Amino acid sequence: MVRRNAIYAQSGGVTAVINATASGLLETARAHRDRIGKVYAGRNGIIGVLREELIDTSKETAATVRRLRETPGGAFGSCRYKLKNPVADDPDIQRLFEVFAAHDIGYFFYNGGGDSQDTANKVSKLSQQFNHPMQCIGIPKTVDNDLSGTDTCPGFGSVAKYVAISTREAALDVASMSESSTKVFILEVMGRHAGWIAAAGGLAGDGRDEPPHVILFPEVPFEQPRFLEAVAKSVSKFGYCVVVASEGTQDANGNFLADAGTTDAFGHAQLGGVAPVLAGLVKHELGFKYHYAVADYLQRSARHIASGVDVDQAYAVGKGAVEAVVGGATDVMIGIERTRDDPYRWRLKHVNLSKVANVERTVPKSFLTKDGYGISARARRYLQPLIQGEAYPAYKHGMPVYATVKNQLVPKKLRSYEVS
C-alpha cells in the first residue's frame with residue numbers, strides 16, 4: 001500500500017464548527033499512518049496551496065487537535081477565491097499540480113460550499129491529465145445550508161440555534177418595553193438566495209401567534225404593502241412585532257432590497273444590509289419606533305452556544321473523508337443522510353461531486369406557511385433536531401478556552417507564485 005501525503009483546505013466563510021471537521025480529519029488521518037503520511041493544510045485555504053504556503057499539521061499536539069473541536073473560526077485560515085478557469089492550461093491549475101507533485105500529495109480534502117465542491121470535482125477530473133493520480137474528497141460546510149446531496153450542512157445547526165435563541169430572547173426584551181418604547185424589532189440574518197437561517201428563526205416560538213411574527217425569505221418575493229400590513233397587524237394584536245429577515249430578501253424581479261452594487265470574490269452580489277431598509281419603511285410608513293440588529297459574523301462564530309448535533313456531524317464528515325480515501329473512494333462529497341426525525345437519526349453517505357457542484361438548494365414551498373411569513377409544521381420537523389444538544393467549550397476565568405495552533409509552514413520547493 002503506497003503511503004502519500006494529504007492536503008486539507010478550508011474555503012469560504014467559516015463556521016462555529018469547521019474546526020471540528022479539521023479535528024475529525026486530523027485525528028483519523030493520524031490513525032492511518034500506514035496509508036497517509038503528512039497532512040498539510042493550506043494557509044488561508046486554496047490561496048495557501050497556490051502560494052506553496054503549506055502548514056505541517058504534524059507539529060500540532062494531540063491536545064491541540066482535540067481542542068479544535070471546540071474552537072470557532074478557521075484554524076488554518078480560509079479565503080474566498082474561485083479558480084477562474086479550471087482547465088488543464090490554466091495557470092492556477094498548473095500551479096496546483098506543481099505543488100501536489102513537489103510535496104507528494106495523493107489526497108485532496110476540500111472543506112467548503114458549492115463552489116468548493118466544484119473545485120474538488122474539477123481537480124479530481126484533471127488529475128489524470130497531469131498524470132498525477134489523486135483521491136479528491138469534498139467535505140460540506142456552509143451556514144447557509146444550501147448544498148444539495150446532504151440532509152444538512154455542518155455549520156448550519158449551530159447558526160440556526162443561535163438565531164432561534166437570539167430571536168426568542170430579543171422578543172422577550174421588546175415585549176417588555178413595547179407599551180412605551182420599541183414596537184418593532186428586526187433581526188437580519190445571513191442567506192443570499194436560500195432562507196434556511198431565516199427559517200430557523202421560526203423555532204423561537206412554538207405557536208402561530210408567538211414571535212417571530214414575520215419572516216422574510218429570499219424564496220418569497222417582497223411586497224412592501226403586504227409587509228407593512230403584516231407588521232401593523234402584529235403591533236395591533238400583540239403590542240409589538242418581531243421580524244426575522246434574510247439578507248437576500250428580494251422583490252418579484254429578483255432585485256435585492258439591500259444590493260450594494262458590488263460583488264464578492266465568487267461573483268456574488270455584495271449586500272449592504274436589509275435591516276436598515278426595512279426599519280426605514282417601518283418608521284416612515286407606519287411611524288413605529290424600532291430597533292434592528294444585524295447578526296453578521298456573530299451568528300456563524302458563536303461556538304459557546306453551538307448545537308451538539310452540529311458539532312458531532314462536523315467531526316463525523318472530517319473523519320468520514322479520511323475513511324473514504326482509505327477505502328479507495330474519490331470524487332465524492334461526504335454527505336449526511338437523515339434516517340429518522342424523532343428521535344433524530346443520521347448516517348454518512350457518499351455523493352458524487354458532479355451532482356452537488358454549484359447546485360443551490362433553497363427552502364421548499366412546503367416549508368412555508370400559506371402567507372409566506374412563517375414556517376410550516378414540516379419545516380419545524382426538519383429544523384428542530386438540528387439545534388438539539390449543547391456542546392459547551394471548556395471555560396477559564398469566565399471565558400472559553402480555544403485552541404491556538406502553531407501553523408508552522410514547510411520549506412518551499414518551488415518558485416514564488418502570485419495569486420491575483
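**Cysteines**

I started with C136. C136 is buried, at a relative accessible area of 0%. The model is predicted, and I read every value below with that in mind. I then asked how many disulfides the structure holds. The count is 0. C136 is in no disulfide, and its nearest cysteine sulfur belongs to C79, 17 Å away. A pair has to lie within 2.5 Å to count.

C153 came next. Buried or exposed? C153 counts as buried, because its relative accessibility is 1% and the cut-off is under 20%. C153 is in no disulfide either. For C153 the nearest cysteine sulfur is again that of C79, at 19 Å.

**Helix α5**

I moved on to α5, residues 114–126. This helix has 13 residues. From first C-alpha to last, α5 reaches 18 Å, close to the 18 Å expected at 1.5 Å a residue.

How many of its residues are buried? I noted 11 of 13, so α5 is mostly covered by the under-20% rule. I listed the buried ones: G114, D115, S116, Q117, D118, T119, A120, N121, V123, S124 and L126.

What do these buried residues pack against? I found two neighbours just before α5 in numbering, α4 (91–102) and β4 (105–112). The other partners are β5 (135–140) and β12 (332–340).

I kept one reminder on helix geometry. An α-helix has 3.6 residues a turn, so residues three or four places apart point the same way.

**Cavities**

I looked for enclosed space next. There are 2 cavities of 30 Å³ or more.

The largest cavity has a volume of about 40 Å³. Which residues line it? I wrote down I215, L216, F217, V220, P221, F222, E223, G372 and Y373. By class, this lining has 7 nonpolar, 1 polar and 1 charged residues. E223 is the charged one and G372 the polar one, because Glu counts as charged and Gly as polar.

The second largest cavity has a volume of about 30 Å³. Its lining is W196, A199, F217, V363, F367, L368, I375, A379 and L383. Which elements give two or more residues to this lining? They are α7 (196–201) and α12 (377–383). The class count here is 9 nonpolar, no polar and no charged residues.

I flagged F217 for a second look. F217 appears in the lining of the largest cavity and in that of the second largest.

Terms used
Residues are numbered from 1 along each chain as its sequence is written. This is a predicted model: local features need pLDDT of at least 70, side-chain atom pairs count only at pLDDT 80 or more; totals for chains, interfaces and linings use all residues. Side-chain values use heavy atoms; hydrogens and water are left out. Helices (H or I, at least four residues) and strands (E, at least two) are DSSP runs, numbered from the N terminus. The expected span of a helix is 1.5 Å times one less than its number of residues. Buried means under 20% relative accessible area, exposed over 50%, partly exposed in between (1.4 Å probe, protein chains only). Contact means heavy atoms within 4.5 Å. On a 1 Å grid over the protein atoms alone, a cavity is a set of points where a 1.4 Å probe fits but cannot get out, and a pocket is an open set with protein on both sides within 12 Å along at least five of seven lines; lining residues have an atom within 4 Å of a point. Grid points are joined across faces, edges and corners, and a volume is the space filled by probe spheres set on the points.
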